[in-house]
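Ready for some practice in reading a protein model? Work through the exercises below with the structure open beside you, and try each task before you look at its solution.

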Amino acid sequence: MSFAKRMFVVCLIASMAASPVLAGQDAMTSAASAGHGMVPKELVGAWTLVRCDNVYPDGHRVELYGPHPEGMWLIDAQGDYMMQIVRARRMPFAANDKSKGTPDEYRAASMDSNAHYGRVSADASHLRSDIVHASFPNWDGRSGDTSYTINGDELTYRVAKPSSGAADGAHGEVVWRRVHS
């Protein structure tokens, strides 16, 4: 695992460890969590991305983040989560400065990644997510329910209105694999 990936995992795990403490100190977070259901033990932990596709009405698939996308989804026992998905091969900005990208570089950076955090709850077959903030700003504050399945170490769910392709009738299909320490 590269140094960058190790640091990403360390930062995410540290934030997960801090979340119960922060939730207890923040009355607004406590009030918000009172309305959430439980998180099944099977969902808690770290997940790595296997596939993130749009599936269109005629059955064809589009790999939204190219072949072999990468990502991590961390869920703690209280239902707080952080998720990030990226295209495995991305082009760096020529200026090596985020504030000096070209329109094409900004577009690629936006289309090649997806990140959000919030809360999840679930029963044996339905998952509810409440997004606090997302890299796609239209998802800020959005909630949704979907069915999910866990088959061995793989978790699959459907996104009714993905961040791209929904106007053309697509739904998202996302598959994650449990990370074992």
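A nonpolar core is a set of buried Ala, Val, Leu, Ile, Met, Phe, Trp, Tyr and Cys residues joined through side-chain atoms within 4.5 Å. Keep in mind that this is a predicted model.

**Exercise 1. Find the residues with the most contacts inside the largest nonpolar core, and the strands that supply it.**

Step 1. The largest nonpolar core has 23 residues. Those with the most contacts inside it are Leu43, Trp73, Ile75, Leu127, Leu155, Tyr157 and Trp176.

Step 2. Now look at the strands: E1 (45–55), E3, E4 (80–86), E5 (113–122), E6, E8 and E9 each supply at least two residues of this core.

Step 3. Pick Leu43 as an example. Setting aside neighbours within four places in sequence, leucine 43 touches Ile75, Ala122, Leu127, Tyr148, Ile150, Leu155 and Arg178.

**Exercise 2. Classify the ring pair of tryptophan 73 and tyrosine 157.**

Step 1. There are four aromatic pairs in the structure. In this one, the ring centres are 5.6 Å apart and the planes meet at 65°.

Step 2. Planes over 60 degrees apart count as edge-to-face, so with its 65° the pair of tryptophan 73 and tyrosine 157 is edge-to-face.

Step 3. Where do the partners sit? Tryptophan 73 is in strand E3 (residues 70–75) and tyrosine 157 in strand E8 (residues 154–159), 84 residues apart, so the pair links distant parts of the chain.

Step 4. Buried means under 20% relative accessible area. Tryptophan 73, at 2%, is therefore buried, and tyrosine 157, at 10%, counts as buried too.

**Exercise 3. Extend the pair to a cluster.**

Step 1. Tryptophan 73 also pairs with tryptophan 176, with 5.5 Å from centre to centre and 45° between the planes; this pair is tilted.

Step 2. Tryptophan 176 belongs to strand E9 (residues 171–178), 103 residues from tryptophan 73 in strand E3. Both tryptophans are buried.

Step 3. Put the pairs together: ring pairs join Trp73, Tyr157 and Trp176 into a cluster.

**Exercise 4. Is isoleucine 75 buried or exposed, and what about aspartate 130?**

Step 1. Isoleucine 75, in strand E3, has 0% relative accessibility and therefore counts as buried. Its C-alpha is 8.5 Å from that of arginine 119, which is 44 residues away in sequence.

Step 2. Aspartate 130 lies in strand E6 (residues 126–134). At 13% relative accessibility, aspartate 130 also counts as buried.

Step 3. Finally, look for a partner: the side chains of aspartate 130 and arginine 128 are joined by a polar contact of 3.3 Å.

Conventions. Residues are numbered from 1 along each chain as its sequence is written. This is a predicted model: local features need pLDDT of at least 70, side-chain atom pairs count only at pLDDT 80 or more; totals for chains, interfaces and linings use all residues. Side-chain values use heavy atoms; hydrogens and water are left out. Rings of Phe, Tyr and Trp (its six-membered ring) pair if their centres lie within 6.5 Å; planes under 30 degrees apart count as stacked, over 60 as edge-to-face and the rest as tilted. Helices (H or I, at least four residues) and strands (E, at least two) are DSSP runs, numbered from the N terminus. Buried means under 20% relative accessible area, exposed over 50%, partly exposed in between (1.4 Å probe, protein chains only). A polar contact is a pair of N or O atoms within 3.5 Å; within protein, one must be able to donate a hydrogen and the other to accept it, and residues adjacent in sequence count only if both atoms are side-chain atoms. Contact means heavy atoms within 4.5 Å.
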